[in-house]
Amino acid sequence: MKTLNDLKGVKGKLILLRLDLNVPVDDAGNVTDTTRIDRAKETVLALKKKGANVAILSHFGRPKGQKDMAYSLSFLPSVLEKQWGVPVGFIDDCLIDPKGSDTQITLMENVRFYEGEEACTPDFVSKIAGGHADIFVNDAFSVSHRAHASTEGLAHALPSYAGFAMEKELDALNDALGEPERPVAAIVGGAKISTKLDVLYNLVEKVDILILGGGMANTFLYALGAEMGQSLCEKDMKDQVLSIFEKAEETGCSIMLPMDGKAAEEFKAGAVYDEVPMTAVPENRMILDAGSQSVEAIKSLLSQCKTLVWNGPMGAFEIEPFDGATNDIARYAAQLTKAGSLKTIAGGGDTVAALAKAGVVNDMTYVSTAGGAFLEWLEGKDLPAITALEMMDEEE
Ligand code: AMP
């Protein structure tokens with residue numbers, strides 16, 4: 001696909017730039033995390049420097065194709081100006097030609113105020129390109145699993161390029177599962193296997209070692225015959241677990257399950273617990289985190305790996321002391337990454353929160369803030385807006 005390094009001679013041209021500015025906002029209307037805004041800065045400043053007029057397209061929340069001012073982006077230009085250090089204008093409709101505006105960078109109103117956005121109707125795609133836009137730049141990996149007008153549609157309608165943040169994200173993902181340095185391990189944790197079945201099927205094909213943790217490890221252990229007491233456990237997933245083992249056998253992937261866990265009587269911060277072998281979980285207790293033997297075994301495996309892909313916490317990381325295994329493993333992976341012996345690529349909503357809590361979010365090789373898009377990529381699916389960018393390159 002073409003990137004911004006290929007983009008020449010754009011002085012005075014109008015570029016539609018798709019960003020994901022669906023940022024978290026507190027009750028007082030303050031943006032609580034500017035990561036997505038900060039990651040877009042390099043692209044915005046590069047396009048400004050090239051002399052282009054830039055109209056930024058983004059969604060915000062789920063207004064369901066209607067103009068609903070609760071989801072207006074009008075509050076954001078001042079935040080963008082602060083983070084990017086350049087003037088940012090605002091136009092209250094994403095279909096208007098912004099060339100007349102007095103700022104070179106203009107934020108357009110929420111693209112999801114129109115039904116044609118999510119439906120990706122040809123009529124809406126041509127309205128949004130409007131006959132006035134020259135080029136499309138997609139710098140929003142996190143919405144690239146959506147075949148929407150402002151993600152996939154425009155990439156078919158205009159000469160299209162990947163922005164810098166998109167390029168970095170795709171390079172990191174390729175380093176993780178495309179052409180990784182081996183041995184490659186994946187850590188998959190979190191609550192349930194039912195939401196991550198496709199991820200697990202795909203990973204056993206791609207990685208050498210699959211390390212399981214969190215509630216989903218309980219389901220695996222149960223399927224193998226362990227009694228898991230009151231633990232979170234999807235008892236009806238036995239057949240799926242066995243088929244994942246079968247597939248792993250075929251592909252030569254080793255699956256590692258925790259051998260011990262922290263067993264408590266209640267899901268509560270500060271709950272009293274004992275470390276027990278997974279084969280002896282008391283009937284009245286639940287496993288809320290991996291135990292210290294498991295943590296040591298995982299660390300030892302990681303020390304032999306060159307690449308790590310991580311999604312999902314190893315326990316109930318939101319409540320102490322059940323954040324212990326996640327913190328220990330995250331800090332160890334960070335240490336190996338900083339020392340240059342491991343490339344760690346992590347992503348998915350709770351994973352970012354867990355790594356931030358462990359204080360190592362900036363020490364990994366790459367942390368993706370894309371929730372759904374990161375998971376679909378982990379599932380091995382083609383992301384329509386990325387495919388469209390690649391096709392554009394082939395067509396030219
Ligand atoms: P997910 O969204 O699937 O990545 O799951 C993340 C959630 O899994 C977090 O809210 C964790 O508290 C929860 N979780 C992880 N391990 C356990 C466990 N052993 N028991 C209960 N919940 C867990």
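**Cavity and pocket in the predicted model**

By the rule used here, the count comes to 1 cavity of 30 Å³ or more. A cavity is a set of points, on a 1 Å grid over the protein atoms alone, where a 1.4 Å probe fits but cannot get out. This is a predicted model, so local features need pLDDT of at least 70 and side-chain atom pairs count only at pLDDT 80 or more, while totals for chains, interfaces and linings use all residues. Residues are numbered from 1 along each chain as its sequence is written, and side-chain values use heavy atoms, with hydrogens and water left out.

The largest cavity holds about 160 Å³ of space, a volume being the space filled by probe spheres set on grid points joined across faces, edges and corners. Its lining (residues with an atom within 4 Å of a point) takes in 15 residues, and Arg36, Arg39, Asp139, Ser142 and Ala165 sit closest to the centre. Helix 1 (35-49) and helix 6 (164-178) each chip in at least two lining residues; helices are DSSP runs of H or I with at least four residues, strands are E runs of at least two, and both are numbered from the N terminus. Sorted by class, that lining has 8 nonpolar, 2 polar and 5 charged residues, with Ala, Val, Leu, Ile, Met, Phe, Trp, Tyr, Cys and Pro taken as nonpolar, Asp, Glu, Lys and Arg as charged, and the others, Gly among them, as polar.

Then there is the largest pocket, at about 460 Å³; a pocket is an open set with protein on both sides within 12 Å along at least five of seven lines. Of its 30 lining residues, Gly190, Ala191, Gly215, Pro313 and Gly315 are the closest to the centre. Helix 8 (214-223), strand 12 (286-290) and helix 12 (349-357) are the elements giving two or more residues to this pocket lining, and strand 12 gives the most, with 5. The class split for the pocket is 15 nonpolar, 11 polar and 4 charged.
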